[in-house]
Amino acid sequence: MTLLAAAALLTAAVAGCGGGAGTTGQSAAGCPAVLQAAREAVTKAESTDSAWTGPTTGPAAVPGKSIVYVAQTMTNPGVAGVAQGLQRAAKAIGWEVRVIDGEGSPAGIQAALSQAVTLRPSGIVIGGFDPRLTSQQVARARAAGIPLIGWHAVDAPGPSTNPPLFTNITTKVQDVARISADWVIARSDGGAGVVLFTDDSIPFARTKADLIERRLADCPGVQLLAYANIPIPDASRRTPQEVSSLLSRFGKKWTHSVAINDLYFADAAPALRAAGKPGGGPPANVGAGDGDPSAFQRINSRQYQAATVPEPLAQQGWQIADEFNRAFAGRPASGYVAPVHIVTADNSGGATSWDPRGYQEAYERIWRRG
């Protein structure tokens, strides 16, 4: 590249980012295309026009089935929200559901799945944990002919051969990670100091955090100040102390946060409040999942969380029931993946969950008519 061309490119980059500094005082030069793409993606994801785009055909309800939902921990609001959605769906389709709490530890999860297999249900849900932690129990379920469906069990949605899952239900981690990072880029005009909260013990969460970090790096004015690895079961104990330490280290440089789960901000709020930080930020906090009611309450009241990229937890519980019904009927998985959505105080309508319209009616029509 010639010096003249390089100078012209630099001038265009500065102009494209508004020619001003971001919220960290750093120039957003070098990210005009990224910034524009981020703004467009965020605008689309904030839309509340959510007509049902999932399945409308499938097998009629197979009667007399029982499901065991093995939860990573019911203190994880996403795991608990899906369990509640599944329980409501089971009532509609005429099945029984039992929830067994793994309580967040490898030993507890292994014991919970062992108990589930011993019960010999029609199907078992891997609720938010890595099946590789329970390879012996998974092998026992497979030998017993019990189909397994995952929720956030592996990185990608859809069927899995290793581990053997009829399907895995989740939004696409790539989409969730990208839109949460795009929200930071767009809100900060390409200049931010970011802390990323995650749990590297969960492969799904680790992948999400890695993808967020890569997307933030696409804009040179966005600096990752810290990567806070806090296991979800320890979040209530460790997060307040970590937040206090981060405030001491970075001060005003810390302008935005991204967390792989909203619950980190429930635990961060007291420390931010004690430090005299305003509820509306900075730091402005976005959760890259799961959109539990407490996150909506923080967002609606503008208290230490500005946005979330919620999973449609109740809908995913209903989808689990529908996918099991397809498995019992000898049909393939539906292949449906919910699109990403961003919730803020401006578009939440005061709701306490992201509950797209039309799915319950659609599933009930399928189960009645086949």
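**Notes on the pockets, cavities and sheets**

1. Starting with the open sites: the second largest pocket comes out at about 270 Å³. Bear in mind that this is a predicted model. The pocket has 15 lining residues, and those nearest its centre are Trp183, Arg187, Ala306, Thr344 and Asp346. Helix α6 (residues 173-187) is the top contributor to this lining, with three residues. Sorted by class, the lining has six nonpolar, five polar and four charged residues.

2. Now the largest pocket, with a volume of about 420 Å³. Its lining runs to 19 residues, and nearest the centre you'll find Lys44, Asp49, Pro339, Val340 and His341. Here helix α2 (residues 32-45) supplies the largest share, three residues. The class split is twelve nonpolar, five polar and two charged.

3. While we're on helix α2, have a look at threonine 43, which sits in that helix. Is threonine 43 buried or exposed? Its relative accessibility is 57%, and the cut-off for exposed is over 50%, so threonine 43 counts as exposed. For a sense of distance, take aspartate 130: it lies 87 residues from threonine 43 along the chain, and the two C-alpha atoms are 33 Å apart.

4. On to the enclosed spaces. How many cavities of 30 Å³ or more does the structure hold? There are two. The largest has a volume of about 130 Å³. It is lined by 13 residues, with Asn76, His152, Phe204, Ile232 and Asn261 closest to the centre. Which helix gives the most to this lining? That's helix α7 (residues 203-216), with three residues. By class, seven of the lining residues are nonpolar, four are polar and two are charged.

5. The second largest cavity is about 40 Å³ in volume. Its lining is made up of Ile169, Thr170, Thr171, Gln315, Gln316, Gln319, Tyr336, Val337 and Ala338. Helix α11 (residues 313-328) provides the largest share, three residues. No charged residue takes part in this lining, which has four nonpolar and five polar residues.

6. Next, strand β1 (residues 66-71). Five of its six residues are buried, so "mostly covered" is a fair description of the strand. On one pairing, β1 runs parallel to strand β2 (residues 96-101), and six bridges join them. If you want a spot to check by eye, alanine 71 stands opposite aspartate 101 in β2. Between β1 and β2 the chain passes through helix α3 (residues 77-93), giving a β-α-β crossover that is right-handed.

7. β1 also pairs with strand β3 (residues 123-127), again in the parallel sense, over five bridges. Which residue of β3 is the bridge partner of tyrosine 69? It is valine 125.

8. There's also a six-stranded open sheet, with mixed pairing and the order β8-β7-β9-β10-β11-β12. Why do β8 (222-229) and β12 (343-344) each have one side without a neighbour in the sheet? Both stand at the edges and have a single partner strand, so one side of each stays unpaired in the sheet. Elsewhere in the order, strand β9 (residues 256-259) and strand β10 (residues 284-287) run parallel and are joined by four bridges. Within that pair, alanine 259 stands opposite glycine 287 in β10.

9. Last, the cysteines. A disulfide is a covalent bond between the sulfur atoms of two cysteines. How many does this structure hold? The count is zero. Two cysteines deserve a look for their burial, where the cut-off is under 20% relative accessible area. Cysteine 31 has a relative accessible area of 1%, so it is buried. Cysteine 219 is at 0% relative accessibility and therefore counts as buried too.

Notes. Residues are numbered from 1 along each chain as its sequence is written. This is a predicted model: local features need pLDDT of at least 70, side-chain atom pairs count only at pLDDT 80 or more; totals for chains, interfaces and linings use all residues. Side-chain values use heavy atoms; hydrogens and water are left out. On a 1 Å grid over the protein atoms alone, a cavity is a set of points where a 1.4 Å probe fits but cannot get out, and a pocket is an open set with protein on both sides within 12 Å along at least five of seven lines; lining residues have an atom within 4 Å of a point. Grid points are joined across faces, edges and corners, and a volume is the space filled by probe spheres set on the points. Helices (H or I, at least four residues) and strands (E, at least two) are DSSP runs, numbered from the N terminus. Ala, Val, Leu, Ile, Met, Phe, Trp, Tyr, Cys and Pro count as nonpolar, Asp, Glu, Lys and Arg as charged, and the others, Gly among them, as polar. A disulfide is a pair of cysteine sulfur atoms within 2.5 Å. Buried means under 20% relative accessible area, exposed over 50%, partly exposed in between (1.4 Å probe, protein chains only). Two strands pair if DSSP finds at least two bridges between them. A crossover is right-handed if, with the strands pointing away from the viewer, the path from the first strand over the helix to the second runs clockwise.
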